[in-house]
Amino acid sequence: MPADFNGQWVMVTNENFEDIMKAIDIDFATRKIAAHLTQTKVIIQNGDKFETKTLSTFRNYEVNFTVGEEFEEVTKGLDNRTIQTLVTWNGDTLVAVQKGEKANRGWKQWIEGDLLHLVRARQMGEGFRDRKEREMS
């Protein structure tokens, strides 16, 4: 059984995010705005099927995928690329490889304790961490 990513995850740190955006050619104005945003990631997982939304006051981004099935992804509002993305499991870590006009793109995502970690390619080892919002009853 794969890891359970279901939930609403609120960003708690955003380490080196502007440098990562610069490395993947995000324009200056978007980098300056995005570096100061707090994002919320909403993930609905049903086995290997994922519906994900990244929400902020500036832009929202949605991507849905099935692990192991390559799909066309349009990064509209981010860096505006049309790419082929393949997400696979590496243990309990999701690994995405993106193929298109720019090489070495993708991300890794895993859960450690109550933190969702997301690391973007080109700068593996850097990125931002999210904290799962706990429901109170």
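**Strands, cores and a buried glutamine**

Colleague: How many bridges join β2 to strand β3 (residues 49-55)?
Modeller: Strands here are DSSP runs (E, at least two residues), numbered from the N terminus. Two of them pair if DSSP finds at least two bridges between them. β2 and β3 run antiparallel, and the bridges joining them number seven.

Colleague: Before we go on, what pLDDT do local features need?
Modeller: Residues are numbered from 1 along each chain as its sequence is written, and side-chain values use heavy atoms, leaving out hydrogens and water. This is a predicted model, where totals for chains, interfaces and linings use all residues, side-chain atom pairs count only at pLDDT 80 or more, and local features need pLDDT of at least 70.

Colleague: OK, so which residue takes a positive phi in the hairpin of β2 and β3?
Modeller: Asn 46 has Lys 49 of β3 as its bridge partner. The hairpin has two residues between the strands, and the one with a positive phi near 65° is Gly 47.

Colleague: And on the β1 side, which residue in β2 stands opposite Gly 7?
Modeller: β1 (residues 7-13) pairs with β2 (residues 40-46) in the antiparallel sense, over four bridges. Opposite Gly 7 in β2 stands Ile 43.

Colleague: Gln 45 sits in β2 too; why does Gln 45 count as buried?
Modeller: Buried means under 20% relative accessible area, exposed over 50% and partly exposed in between (1.4 Å probe, protein chains only). Gln 45 counts as buried because its relative accessibility is 10%.

Colleague: How far is the backbone oxygen of Ala 3 from a polar atom of the side chain of Gln 45?
Modeller: Leaving aside neighbours within four places in sequence, Gln 45 is in contact (heavy atoms within 4.5 Å) with residues including Pro 2, Ala 3, Phe 50 and Trp 89. From the Ala 3 backbone oxygen to that side-chain polar atom is 2.9 Å.

Colleague: Which strand gives the most to the largest nonpolar core?
Modeller: A nonpolar core is a set of buried Ala, Val, Leu, Ile, Met, Phe, Trp, Tyr and Cys residues joined through side-chain atoms within 4.5 Å. The largest has 16 residues, with Phe 5, Phe 50, Phe 65, Val 87, Leu 94 and Trp 107 touching the most other members. β4 (61-66), β7 (93-99) and β9 (115-120) each supply at least two residues. With three residues, the top contributor is β4.

Colleague: How many residues make up the second, separate core?
Modeller: Met 21, Ile 24, Ile 26 and Ala 34 are among its members. The residue count of this second core is five.

Conventions
Polar contact = N/O pair within 3.5 Å; in protein donor to acceptor, adjacent residues only side chain to side chain.
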